[in-house]
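Please look at the structure shown here, with attention to the ligand site and to the division of the chain into domains.

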Amino acid sequence: MEQKLFEEKYGVERLNTHCTKWDGLKEKFGEDGLISMWVADMDFKAPEQVIEALQKRIEHGVFGYSLISNSYYDSFINWEEKRHGYKVKKEWIRYTPGVVSGIYWIVNIFTKPGDAILVSMPVYYPFHNSVKENGRKLVHSNLINNNGRYEFDYEDFENKIVENDVKIYILCSPHNPVGRVWKEEELDKIMEICQKHNVLVISDEIHHDLILEGKHIPTAIVNNGKYAKNIITLTAPSKTFNLAGCKNSFVIIENEDILKKFDTYANTVARVSNGNLFGYVAAEAAYTYGEEWLSGAIATIKGNYDYMVKELAEKLPQVKVTPLEGTYLSWLDFNTCLKDEELEEIIQNKCKIAVDYGRWFGEAGKGFIRINLATPRKYVEEAVKNLIDVLNK
Ligand SMILES: Cc1ncc(COP(=O)(O)O)c(C=O)c1O
């Protein structure tokens, strides 16, 4: 489905629906009325089959204790195999309300206060928080920015593990905010290092269906599954189908010992072993019927991205757009024209755009902003126009 049609069918006004992205502007940025391009959800309705499935469930009128249906598991298992070539077994699947909650649980289960946890910066800031807020030691290895294309620094990565006796590495694949879809050989090298030093890997693959270029390789199937027993995969339908409010995420654990420890924690400390009835209904319908919708969503994101790249290259070439291979979050480099501390004044006060500032993702993000392109073209056009007008003055 092309962008115009997708927008006509699924575009919707979100203001005054208690949505974080638009109704939360004042709280987050101190003012309303900005072009909202920050938090990572979409300004589009979910697939119609999701809405219909929820309506059907609502019409029944009883919302009591519920079992998890086999068809729910099947929909996810089929999706993972068909789309990503990962044959997930039902017994490996667990629930968490969100991917971030999953990270927090795993940090608590598999490390103790003071233990070191590694991340590749710049990276999604709740990764940092999951470490710091649990009293663990945050260790980072910066990605290398090779002319806008980010790569792992393998030597530094291994040194950081050894020097700090790292216990867990939190991988972001695809990587928010730099938009990389990691290649199998890159993941292979990183996993090899983690395995060699007994570092447990959390593989956050929440963006794995949002691929614009390249192919997503689930970390658990890298090198024919060589590292699968050392990996906990986290994913969800929330980014893919815009269902974050449904609070339904997947944990995949192939290693029985790790699974047992996870279950003990989930059933005792967290006391959460299953989720909200509507989350299950929405996820199942999305994975079963959402393919066409998703292709429209990806075409829309790509259309916005291509438009922005072209406009900026012609009219504001000093702002560098990082190639977007995956996610709908574009990473813009202002380092050649602005100081990091000038960004808010220009981006928010002058251009009237609400964004995630690069420094939130770590020192390595200074001078960058992250903008959300899962929005109707009109907002991208307005934001790009404002950037061009203000920065060219
Ligand atoms: C890499 C990554 N992980 C997790 C999340 C959030 O997941 P959840 O809402 O399921 O906690 C996001 C949201 O932007 C993300 O980018």
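A polar side-chain atom of His207 lies 2.7 Å from an oxygen atom of the ligand, a polar contact in the sense of a pair of N or O atoms within 3.5 Å. The model is predicted, so local features need pLDDT of at least 70 and side-chain atom pairs pLDDT 80 or more, while totals for chains, interfaces and linings use all residues. Residues are numbered from 1 along each chain as its sequence is written, and side-chain values use heavy atoms, with hydrogens and water left out.

**Ligand site**
- A backbone N or O atom of Val99 also lies 2.7 Å from a ligand oxygen atom, and a side-chain N or O atom of Lys239 is 3.0 Å from an oxygen atom of the ligand.
- Taken alone the ligand exposes 400 Å², of which the protein buries 90% (Shrake-Rupley method, 1.4 Å probe).
- The residues that surround the ligand, with a heavy atom within 4 Å of it, include Ala40, Tyr124, Cys172, Asp204 and Ser249.
- By class, this shell has six nonpolar, four polar and two charged residues.

**Domains**
- The domain assignment, which is automatic or from a database, gives domain 1 as 3-47 + 291-391 and domain 2 as 65-289.
- Taken over C-alpha atoms, the centres of domain 1 and domain 2 are 25 Å apart.
- Their contact (heavy atoms within 4.5 Å) takes 30 residues from domain 1 and 34 residues from domain 2.

Terms used:
Polar contact = N/O pair within 3.5 Å; in protein donor to acceptor, adjacent residues only side chain to side chain. Nonpolar A, V, L, I, M, F, W, Y, C, P; charged D, E, K, R; others polar.
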